[in-house]
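Thanks for coming. I have one chain to show today, so please look at the picture before I start talking.

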Amino acid sequence: MTANQILPELPIDSPERKRLPPLLRRAWYGLNQAFRRRIAHLEITPDQFTVLRTLLENDGITQRELTRLISSDPNTVASLLERMEAAGLIERKTHEKDRRANRLKLQPRGKKKYTEGREIAIELQKQVLKILPEEKREEFLHNLGLVADACREAISAEVRAPAR
């Protein structure tokens, strides 16, 4: 019997099956640690790199918008931004219409750190994706995006109808 003939009969969380949560965690953790080590000399973290890239691509967004775009939580982002502002990477300014909100601006030092880290990020992504046939890479990233969207939707569904 092949794996395809056995797997449909097994529960989705069976130890004999590939399971989504540990695979996603292992992939994220491995990628995060490899990137962390490769950019350590820049004195930024992978999360800070993600913020820098997001601000470069979305100039003047609010802290709340950043939180959504990088799929994080408000407390983590607030702490991250405090450190980044102290390091001269970003600037937070009170929103012109909502004094409770902050607009975020990439500082020249932050742009320089992003530019230096970008090539490292690209090379790491190429190295990791090389395991897949070239013609399957975009499909894989598309499908991973669908999984990420479904996970975000699961959070939204929980907020709309809390578990009992």
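I will go from the overall shape to the core, then to the aromatic rings, and finish with the salt bridges.

One caution before the details: this is a predicted model.

Start with the layout. The chain contains seven helices and two strands. Reading from the N terminus, the order is α-α-α-α-α-β-β-α-α.

Next, the overall dimensions. The chain has 164 residues and a radius of gyration of 19 Å, where a compact globule of that length would have a value near 15 Å. The C-alpha trace spans about 65 × 45 × 25 Å along its principal axes. Buried residues make up 23% of the chain. The exposed area is about 12300 Å², and carbon and sulfur atoms supply 54% of it. If we take the contacts with a separation of 6 or more, 45% of them join residues 24 or more positions apart.

Now the inside. In soluble globular proteins, nonpolar side chains tend to be buried together. Which residues touch the most other members of the largest nonpolar core here? They are Val51, Leu52, Leu66, Leu81, Met84 and Ile90, out of 22 residues in that core. Several elements each supply at least two residues of the core: helix H2 (20–39), helix H3 (46–57), helix H5 (74–86), strand S2 (102–106) and helix H6 (108–129).

Take Val51 as an example. If we leave aside neighbours within four places in sequence, Val51 is in contact with Leu66, Ile70, Leu80, Leu81 and Met84.

Another residue to find on the screen is Thr67, in helix H4, which covers residues 63–69. Is Thr67 buried or exposed? Its relative accessible area is 10%, and the cut-off for buried is under 20%, so Thr67 counts as buried. With neighbours within four places again left aside, Thr67 is in contact with Ser72, Asp73, Pro74 and Val77.

Leu23 gives another case. Leu23 sits in helix H2 and is partly exposed, at 34% relative accessibility. Between the C-alpha atoms of Leu23 and Arg137 there are 17 Å, and along the chain these residues are 114 residues apart.

On to the aromatic rings. How many aromatic pairs does a search of the whole structure find? It finds two. In one of them, the rings of Phe35 and Phe49 have centres 5.1 Å apart and planes at 80°, which makes the pair edge-to-face. Phe35 belongs to helix H2 and Phe49 to helix H3, so this pair ties together parts that are 14 residues apart in sequence. Phe35 is buried, at 8% relative accessible area, and Phe49 is buried as well, at 5%.

The other pair is Phe49 with Tyr114. Their ring centres are also 5.1 Å apart, but here the planes are at 20°, so the pair is stacked. This pair links distant parts of the chain, with Phe49 in helix H3 and Tyr114 in helix H6, 65 residues apart. Both Phe49 and Tyr114 are buried. Put together, Phe35, Phe49 and Tyr114 form one aromatic cluster.

Last topic: charged side chains. A search of the whole structure finds four salt bridges, and I will go through some of them.

Arg92 forms a salt bridge with Glu85, with 3.2 Å between the closest N and O atoms. Arg92 is partly exposed, at 21% relative accessibility, and Glu85 is partly exposed, at 31%.

Glu116 forms a salt bridge with Lys112, and here the closest N and O atoms are 2.5 Å apart. Why are these two about one helical turn apart? Because they are four residues apart in helix H6. Glu116 is partly exposed, with a relative accessible area of 32%, whereas Lys112 is exposed, at 52%.

Arg118 and Glu119 also meet through their side chains in a salt bridge, at 3.3 Å from N to O. Arg118 is partly exposed at 39% relative accessibility, and Glu119 is partly exposed at 43%.

To recap: look for the 22-residue nonpolar core, the aromatic cluster of Phe35, Phe49 and Tyr114, and the salt bridges, four in the whole structure. That is the end of my part.

Technical notes:
Residues are numbered from 1 along each chain as its sequence is written. This is a predicted model: local features need pLDDT of at least 70, side-chain atom pairs count only at pLDDT 80 or more; totals for chains, interfaces and linings use all residues. Side-chain values use heavy atoms; hydrogens and water are left out. A nonpolar core is a set of buried Ala, Val, Leu, Ile, Met, Phe, Trp, Tyr and Cys residues joined through side-chain atoms within 4.5 Å. Buried means under 20% relative accessible area, exposed over 50%, partly exposed in between (1.4 Å probe, protein chains only). Contact means heavy atoms within 4.5 Å. The radius of gyration is taken over C-alpha atoms; the globule rule is 2.2 Å times the number of residues to the power 0.38. Accessible areas come from the Shrake-Rupley method with a 1.4 Å probe; for residues, only the protein chains shown count as cover. Rings of Phe, Tyr and Trp (its six-membered ring) pair if their centres lie within 6.5 Å; planes under 30 degrees apart count as stacked, over 60 as edge-to-face and the rest as tilted.
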